[in-house]
Amino acid sequence: MLPILVTQFAQAGFGLIDTIMAGHLSATDLAAIAVAVGLWMPVMLLFSGIMIATTPLVAEARGARNPEQIGQITRQALWVALLLGIIAALILQIMPFFLPMFGVPAHLLPKASLFLHAIALGMPAVTMYGSLRGYSEALGHPRPVTVISLLALLVLIPLNFLFMYGLGPIPALGSAGCGFATSILQWLMFISLALYIKNAKIYQKAPVFNRFEKLQAQWVKRILILGLPIGLAIFFEVSIFSTAAIVLSPLGETVLAAHQVAMSVTSQLFMIPMSLAIALTIRVGLYYGEKNWQAMQKVQLVGLGLSTVFACMTMSLIWLFRPQIIQIYSSDPAVTQVTMYLLLYAMAYQLMDAWQVSAAGCLRGMQDTQAPMWITMLAYWVIAFPIGIYLARYTEAHAAGVWIGLIIGLSVACVLLISRLYLNNRRLSRMPCGNSI
């Protein structure tokens, strides 16, 4: 988990750096970033989430002692990732035309639109990088991905400065410049990881780039059957958080900027249970391939226990250091006051959020992805979204209404996902076992 955690923090740090740098330009720049990210993030995570299928498939092949299949899975995943990345880029290119329909204020449209046009260019790199990352981590080699992510974090800062403030022929684009910087960075990350995997000795037992392979329909079908529900489940969860910025945009720049700061803080902290969930997917997938149900269930119990500890730590961190955390993002007194209030709601859902993402990680390792997809759709879009809109737009709760809806949705998802995990374990415990722990 630890190298994965560093990787997650580094990749979440891309959005953190964008938010901090935009926040120090102006409240308008921060609000424009909030709107644009609110549309980009769900699309990006939907398509990159599909490629998470690489992780359990490689982990299963590794557990079944089938190294030849590992390379084949990854090559086919790269083809699928390239096609999905192109589709995602096209979707993001047309997104700006819908911003007025969402009620986004006119003065935010130019920067938000340019950000979306720019960041779309990096989408094929995002999805292909996700495939190679899943391959590397499932083989037990998360550190190369960690190193590349940390180096990328350092490169992003000067790239952002270059496009935000301009230099020579490059104009000053303000917060929209973050989109160009991020796209360039995503291609650099993919190329770096691909070159390392091609040349490093640790991957030679299950090589990826040792031969060219055409797209094969049976593998495309298997990857999509497993990965599409994962991507949709992540989309349903993340989009409810991201579209909250659009729901709140009519309430003014101060509320929108405060929401973006609070969401950025919780997004960073979410990397802890998310990293644990990825580690659980890999370990559960390995034992699932071995048909070692006893070991698989022990890993799940340890994971849920750790998620509880981590959630208590993040709740304490938010409670004790709210003022200091907010000052990193903005020195605007009005933004600070609203953010202090919203972070209390963020603190309230940490435990349920940690449990639900850990349970979802275990289910992915067991290649159970369709039920979690329907659970997340129900919890976030049928329950949380209408409640959040009603409370934010038609009651005195205002911005807090969205966060109350999120708390309710996460609680429903948590109960249903853990129940699903329990039922799966009961079913598998009646089947013949493979290796013992």
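**Helix packing and the setting of Ile408**

With a relative accessibility of 32%, Ile408 counts as partly exposed, because this value falls between the 20% limit for buried and the 50% limit for exposed residues. The model examined here is a predicted one. Ile408 belongs to helix H16, which covers residues 399-429. Leaving aside residues up to four places away in sequence, Ile408 touches Ile383 and Ile387. Between Ile408 and Met189 there are 37 Å in space, C-alpha to C-alpha, and a separation of 219 residues in sequence.

Helix H15 (residues 370-394) comes next. Its 25 residues should span 36 Å at 1.5 Å a residue, and the 35 Å between its end C-alpha atoms agrees with this. The helix nevertheless has a kink of about 40° at Ala384, shortly before the proline Pro386. Ala384 is itself buried, and other buried residues of H15 include Pro372, Met373, Ile375, Tyr380, Gly388 and Leu391.

Turning to another pair of helices, H6 (residues 123-138) packs against H8 (residues 177-199) at an angle of about 35°, the two axes lying 8 Å apart. The crossing of this pair is left-handed. On the H6 side, the contact involves Met123, Pro124, Ala125, Val126, Met128, Tyr129, Leu132, Arg133 and Tyr135. These meet Gln186, Trp187, Met189, Phe190, Leu193, Ala194 and Ile197 of H8. By character, the residues of the contact divide into 14 nonpolar, one polar and one charged.

Methods
Residues numbered from 1 in each chain as written. Predicted model: local features only at pLDDT ≥ 70, side-chain atom pairs only at ≥ 80, totals over all residues. Heavy atoms only, no water. Axes fitted to C-alpha atoms, helices over the stretch in contact; angles between N-to-C directions. Helix = DSSP H or I, 4+ residues; strand = E, 2+ residues; numbered from the N terminus. Left-handed = near helix turned anticlockwise from the far one by under 90°. Contact = heavy atoms within 4.5 Å. Nonpolar A, V, L, I, M, F, W, Y, C, P; charged D, E, K, R; others polar. Expected span 1.5 Å × (residues − 1). Bend = angle between axes of the 7 residues up to and from the residue. Buried < 20%, exposed > 50% of the residue type's maximum accessible area, 1.4 Å probe, protein only.
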